[in-house]
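Thanks for making the time this morning. I would like to walk through one structure slowly, starting with a pair of helices and then moving outward, so please have the model open as I speak.

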Amino acid sequence: MTTLLSLAALLVLVLATAHRQPWRLPLPAGVRMLLVTRSDFLLIGALLGPFFLRVVDTTTIEILRPFSSLALGFIGLHYGLQLDAQRLRKVPPFYKLGPWVQAAGGAVAVGIPAWFFFREVFGTGREPVVAALVLAAAAACSTGIPLEMLAREEKYRASPLLMMLRHLAEMGELLALVIFGLALCYRHENPVIIGWDAFITLQWIGFSLLLGALFGGVLLLLPRVGRSGGRMMVTGIGALLFFTGSASFLLLSPLFVSLIAGIIVANVPSESRHIARFATRAEPSFVLFLLIVAGAVWQLNAGSGFGIWEIVALAFVLMMLRLIGKTAAGWILAKTTHAAREPPRRFGLGLVAQGSISAALALDYLQSGSTPETRVVVTVVLLAVLATELISPWLILHVLERKPRGTSAPKAGPAESSS
Amino acid sequence: MKGSMNWYDVSRSISGVTRWALVIIVAATGLMIIGKTLAGVVNTSAPSAVIQGLGFLLIVGWCTGLLAERMGLPRLTGYIVAGLLVGPSVIGILESDIVENLGPLDDLASTFIALVAGGELRLALLRGHWRSIFAWIGGQSLAVPLVVIGGIFLAAPVVPGLPAGGSRLLAAAVVIAAISLARSPAATVAVIDESNARGPFTETVLAVTIAMDTLVILLFGGAMSFAGMLVTPGAAFNGGIFLGLGAEIGLSIVMGVLVGFLVILAVRVMHLDLPVLLAALAFLITRLSREISSVLEHRWDVHLHLEPLLVALTAGIVVQNLSRRGEAFTEALERIAPPIYVIFFGLAGASLDLGALRSSWILVLLLIGLRAFGLYFGSWIGAAAARDEPAWRWLAGWTSMSQAGVSLGLAAEVARRYPEWGPSVSTPLVAVIAVNQLMGPALLDRALRKSGETHPDKLDA
């Protein structure tokens, strides 16, 4: 009966809250942010999961696995579809470099200490490196949703700084997904081509890219056998399941493979709108679903070999390092920028919220195999997602209230054209 | 240079959709083979293989469905053929363990299709056609047993494979006759849905199919008891079996009504998203029926098995006919139905065992012929008795040929209950069901088109 009850509980939750509009709820900004990004579903999932109430059991999680793979595929594809080269070419130089520096700031600040830590605790080998890279990838992520929430307010609607932050957040996630995809390739010890033992990681990277390219190719073919919503839904879901399944089957990242496919599709304008329509229609429900599953598989310290407070302390330390890394990267950018209106030096604080992509990375990592390292990574990432979203509104407001260091009116940022 | 057509010319001569469907099938199959080759060098993850297999089945099934459509066949036939070709019986890209692991999804899909079947049944449209429904059911219920039992007895001396001995032969014939009455509501509803058929003929076909499928459960129970009486010395006919089966059917209907009202309430009060609700509902009905049966058995020693298909079917009928949002309900069902049809019928194709067809093809052909004649003859008599228009009389028989899961379950039950002679009946029956599963949808599709009640494809809207 447990499985049944858990499914019923999940169903009621998803249905009752699927259409909520928390933008204007009279709640503290941090809590409102959790509702807007839907990260509260992480908490709900965790509460229902085997670690707390045990309403969602491991059997249910296994039954739901095809759907979580589908969710990962949708997230990667949806993200990739936004990376249209034509649009990105129009971006001013600062906007091109900024996201990479920002994302790298967070990734380096977390990845290197995490690697030392994992090597000390779990010994040498590939897995500690992979775990550190996954944490670095998650640290590189910044969600633009808190910025979108603020952009709805009259006061900040036309703020160029807000637009710039949104662009930095959007593009920074690309680096995160790339790091993550490469990390899973590094995990492989056997070559793709039997007998050729050199450049094993490179072989797998090449294979991931090839799989993503083939996925993109198949997606581009799909509208030729039916462009209507109904037909695209069948073939699109089929292709997503097939390629995310193939990626997981070969212990590669479904997120990364779908991202490559999305980028390829986004750059074939004649067909991309049919696929984008399909992805946009289905993606929100799947993100919601993914957050609940990610919460349900989260078991705090279980299987990691750490006590609860030890792991919370680790998460706190890494979160602080990320904050420093992001702020430092922002400071470097602000110092070196030659934009008409220079951003405040601490604008990196506006990019602290991690968002659902990092939760997706953690879930993808966990699905590729459960080890003590994966358990630590999942807990650290999910705690960081919740904590950063709680504090992010205040940090963003802190950045926005600062006076800009230039006087002349800025040109419209890329986020403006994209939104 | 007419004789030297190269590959390019051949590909140009094939129409757009057909060409691209073929390209996608070849690409997906190639990738699947590459994946399997690479699986030798990495530690593959078994659950991912199932997800990959499911995606493969969806893509290849859908594209084969499109090819079938171009050939004038229902898409459904394409899904089954695709499943059969890639399944363990033929090429084997989808291995038997993957097909087995997709079992829970198959159950979910069949419950969902039952929900669609209920949702498609508009009682208002049946007004004035009740006489036809009863007459068709009556005609088929009389003609099929007569033709099948009579035919088996006449052919027994010359056709190999039938059980020897008068009482065993009669027992086998009675059981085969009961199973011959079973048809596939899933195939019927999928063909109706995909051909977008609407009208009194379509509604009558659907109502007869659904009613017969419920009636078959009772008739099969009776036939099994009668067979037991014939072959087991000292055994008597167990009339109580009807009471038990009737209680199961009644309980399933009551539960279906409850679920239906809950759905109406959920939609009206909570303004829920229908497609999501329906997909989840199918899951819940499937699991709930099993859990309740298990609780009844283990806690109170009551052996009542709730039939999820009947629960879903009743719920669908209640929502369609007793709420104002019946049409929205059907639309939502139809919106999410296509991938579910591909999975369900693709898996049905992949599970087909062609070995049985090879081993006893004469008996298989005989049983297919007897069943088809009995159904056609019975439907014709029924339609004539109900004074249906002449076109209906000629078409009615073609609408009930398909068979699927329920029939397979009943055939397996015969082998389990009567191990001495059951397998000699169930093995050819499996092959008969396989052939009917392939032919039935095409015949139904043709009949619906001839009735003039089909419309352009909704998926293109």
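Before the helix pair, one definition is needed: an axis here is a line fitted to C-alpha atoms, for helices over the stretch in contact, and the angles run from 0 to 180 degrees between N-to-C directions. Please also keep in mind throughout that this is a predicted model.

With that in hand, look at chain B, where helix α14, residues 308-322, and helix α15, residues 326-350, have axes that come within 7 Å and cross at roughly 135°. Angles from 65 to 115 degrees would count as roughly perpendicular and those over 145 as roughly antiparallel, so α14(B) is oblique to α15(B). On the α14(B) side the contact is made by Val319(B), Gln320(B) and Asn321(B), while α15(B) brings Gly326(B), Phe329(B) and Thr330(B). Sorted by class, that contact has two nonpolar and four polar residues, and no charged ones.

Staying with α14(B), we can ask how far apart its end C-alpha atoms are. They are 21 Å apart, and since 15 residues at 1.5 Å a residue should span 21 Å, the two values agree. This helix is also mostly covered, in that 13 of its 15 residues are buried.

Let me now step back to the whole of chain B, which has 20 helices and zero strands. Of its 461 residues, 53% count as buried, and, if we take the contacts with a separation of 6 or more, 81% of them are accounted for by residues 24 or more positions apart.

The chain is divided into domain 1, residues 7-101, and domain 2, residues 106-460, and the centres of these two domains of chain B, taken over C-alpha atoms, are separated by 28 Å. Their contact takes 23 residues from domain 1 of chain B and 24 residues from domain 2 of chain B. Which elements give two or more residues to the side of domain 1 of chain B that touches domain 2? They are α3, residues 46-70, and α4, residues 75-86, of chain B, and the largest share, ten residues, comes from α4(B). In terms of class, the residues on that side of domain 1 of chain B divide into 16 nonpolar, six polar and one charged.

Next come two backbone details, one in each chain. In chain B, Arg387(B) has a positive phi of about 55° although it is not a glycine, and you will find this residue in the loop between α17 (361-385) and α18 (390-396). Is Arg387(B) buried or exposed? It is exposed, because 11 other C-beta atoms lie within 10 Å. In chain A, Leu251(A), also not a glycine, has a positive phi of about 55°, and its place is in the loop between α12 (229-249) and α13 (254-266). Leu251(A) has 19 C-beta neighbours inside 10 Å and therefore counts as partly exposed.

Finally, I would like to turn to Met33(A), which is found in helix α2, residues 29-37, of chain A. This residue counts as buried because it has 27 C-beta neighbours inside 10 Å. Leaving aside residues up to four places away in sequence, Met33(A) touches Pro146(A), Met149(A), Glu389(A), Leu390(A), Ser392(A) and Pro393(A). By contrast, Val257(A) lies 224 residues from Met33(A) along the chain, and their C-alpha atoms are separated by 30 Å.

Notes. Residues numbered from 1 in each chain as written. Chains lettered and ligands numbered in written order. Predicted model: local features only at pLDDT ≥ 70, side-chain atom pairs only at ≥ 80, totals over all residues. Helix = DSSP H or I, 4+ residues; strand = E, 2+ residues; numbered from the N terminus. Parallel < 35°, antiparallel > 145°, perpendicular 65-115°, else oblique. Contact = placed C-beta atoms within 7 Å. Nonpolar A, V, L, I, M, F, W, Y, C, P; charged D, E, K, R; others polar. Expected span 1.5 Å × (residues − 1). Buried ≥ 20, exposed ≤ 12 C-beta atoms within 10 Å, placed from the backbone. Domains from an automatic or database assignment.
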